[in-house]
Amino acid sequence: MIDSYQPTGDQASITATPSSVAVIGASHAAIALADRLRAMGYEGGITLFSDEDRIPYQRPPLSKAWLRGEATGESVLLRDGGYYEDRKIELVTGARVEHLERTADGVRVAFVLPGGRHVREYDRIVLATGASARRLDLPGADHEGVLVLRGLDDARRLAARVASGPTVVIGGGFIGLEVAATARLLGADVTVVEAGAQLLGRAVGATTAETLLKAHRAMATDVVLGAVPTEIIYDHNGIRHVILADGREVPASTVLIGVGAQPRTELAEQLGVECDNGVVVDADCRASDGWTLAIGDCTVQNSQSGTRYRLESVDNATEQAHAAAAAILGEDRPVRQEPWFWSDQGDQKLQIVGLLGGHTSVIVRRDASKPRRQVALYFSGERLIAAECLNAPADFVALRAAMSRGCRLGPAALSDQSVPLKKLLDPVRVGG
Ligand code: FAD
């Protein structure tokens, strides 16, 4: 830990390790930050503000175990209640931060509790405001049976309805497909309506998408690609159907809108930092003023090649939290591990490592003796840049470890399908 902090922007120099840090948001990113600060020996004040009126919980189970009825309010908690007290982390729930203002030596935070408005001052601020589920401006989308899934209240509403009649999922992204698979397991008739030509169009390659499409159809989910919903029809008995642009009427009693998330940047905009579908941050999680820090789903990151990318994952929230903790304490940024993500869709387990984009070749590895298993490897020239593993957790672990070690893994090294991937990735063999 060092005693002075030099901003990279045009701010006047900011003294010493801060004596207090305010974090706006109290979810995956915020708690990973608080954890890390304490683990690094930081003894100053940490306050987490949450506009949700509950102890912070995990979001991934909401579309999986929660919907299947296999999770409880207790089992989805990120940390138990005692954690905050033990680590002297102040958790202020039900507190919407409505205004932020830079002061000469820190930041002024104005927040609203049910009893009234409060103002406090802190030395540092970290935005961990996440994202909200996008809605669709469709006629009929105002019906109470048209839902989104972001928080625990959304999950409760969905769980209460999903098995009671036909469900239409608008959007073939991760959350939509996870809900579709769970709803099928619960016995509902399910239709997925996806505007693109493939499922998970922004997130996975064509081979993985095709295999997942077959898997969802094998679960008897009706997946309609290239289809645009135009209206949701309901009457006094509830939702009747969803009308598609080609005139098709899809029966529905519940509609889940799963068309992505909108980063929450209102507070960043008040601070005057650059936002571009997220708070723009560098590798240290500093916003454009060189002082404000932002982490997790609310951010968009500048890559080394100058492009911007958004990651919405628990792994990214954790990695950015670690980088921000180092920035707060003036320590070296930790080495960033390869990004990774998982999605459970019924009995299909998808695990992804690396970033897709700009690949020049693909190898798809299958194993006749294990037909559910498939691994797609993406290369840029001679370099492995991403891998999608379906029902292949051991391969995923080996790939992630090899990529994180910076192994030189080209198509030639990994194409021999007669040798198990795990063996091809052996550290001795690939120079790790
Ligand atoms: P969030 O979790 O969105 O938290 C931000 C918090 O800040 C919220 O509680 C919000 O209410 C609060 N906040 C915002 N503005 C204010 C304000 N002004 N004042 C006070 N509080 C404020 N990721 C995976 O890697 N694998 C998965 O399988 C997976 N499944 C998912 C399933 C679902 C249903 C969802 C919704 C997400 C899933 N994710 C998954 C994504 C993962 O949950 C997110 O990447 C992660 O939650 C991001 O954490 P975060 O802390 O950045 O933001």
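The side chain of E194 reaches the backbone nitrogen of G172 at 2.7 Å, a polar contact in the sense used here (a pair of N or O atoms within 3.5 Å, where within protein one must be able to donate a hydrogen and the other to accept it, and residues adjacent in sequence count only if both atoms are side-chain atoms). This is a predicted model, in which local features need pLDDT of at least 70 and side-chain atom pairs count only at pLDDT 80 or more, whereas totals for chains, interfaces and linings use all residues. Residues are numbered from 1 along each chain as its sequence is written, and side-chain values use heavy atoms, with hydrogens and water left out.

E194 belongs to strand β13, residues 190–194; helices (H or I, at least four residues) and strands (E, at least two) are DSSP runs numbered from the N terminus. With a relative accessible area of 15%, E194 is buried, where buried means under 20% relative accessible area, exposed over 50% and partly exposed in between (1.4 Å probe, protein chains only). Not counting residues up to four places away in sequence, E194 touches G171, G172, G173, L199, V224, L225, G226 and A227, contact being heavy atoms within 4.5 Å.

T129 offers a second case of a buried polar side chain, placed in the loop between β9 and β10 (131–133). Its relative accessibility is 19%, so T129 counts as buried. A polar atom of the T129 side chain lies 2.8 Å from the backbone oxygen of R264, and R264 is also among the contacts of T129 beyond four places in sequence, together with I24, L267 and C298.

The ligand is surrounded by 33 residues, of which S27, D51, E52, R59 and K64 are the closest; a residue counts as near a molecule if one of its heavy atoms lies within 4 Å of it. This shell divides into 14 nonpolar, nine polar and ten charged residues, with Ala, Val, Leu, Ile, Met, Phe, Trp, Tyr, Cys and Pro taken as nonpolar, Asp, Glu, Lys and Arg as charged, and the others, Gly among them, as polar. Oxygen atoms of the ligand have polar partners on the protein: a polar side-chain atom of E52 lies 2.6 Å from a ligand oxygen, a polar side-chain atom of D297 lies 2.8 Å from one, and a polar backbone atom of S313 is 3.0 Å from one. The protein covers 97% of the 1,000 Å² of accessible area that the ligand has on its own, as computed by the Shrake-Rupley method with a 1.4 Å probe, with only the protein chains shown counting as cover for residues. At least two shell residues come from each of α1 (28–39), β6 (96–103), α4 (174–185) and β24 (340–345).

Two of these elements are helices that can be followed further. The twelve residues of α1 should span 16 Å at 1.5 Å a residue, which agrees with the 16 Å between its end C-alpha atoms; the expected span is 1.5 Å times one less than the number of residues. Nine of the twelve residues of α1 are buried, so this helix is largely enclosed by the rest of the structure. The buried residues are H28, A29, A30, I31, A32, L33, A34, L37 and R38, and what covers them includes β3 (20–24), β4 (45–49), α2 (81–86), β5 (89–92), β9 (124–127) and α7 (314–329). Just after α1, G41 takes a positive phi of about 95°.

The helix α4, also of twelve residues, reaches 17 Å from its first C-alpha to its last, close to the expected 16 Å. In α4 nine of the twelve residues are buried, so α4 is likewise largely enclosed by the rest of the structure; they are F174, G176, L177, E178, V179, A180, A181, T182 and A183. G187, just after α4, has a positive phi of about 100°.

Most residues other than glycine have a negative phi. A220, however, has a positive phi of about 70° although it is not a glycine, and A220 sits in the loop between α5 (206–218) and β14 (222–225). N277, in the loop between α6 (266–271) and β20 (279–281), has a positive phi near 55° and, at 43% relative accessibility, counts as partly exposed.

R383, found in strand β28 (residues 383–390), counts as exposed at 54% relative accessibility. R383 and R408 are 25 residues apart in sequence and 6.5 Å apart in space, C-alpha to C-alpha.
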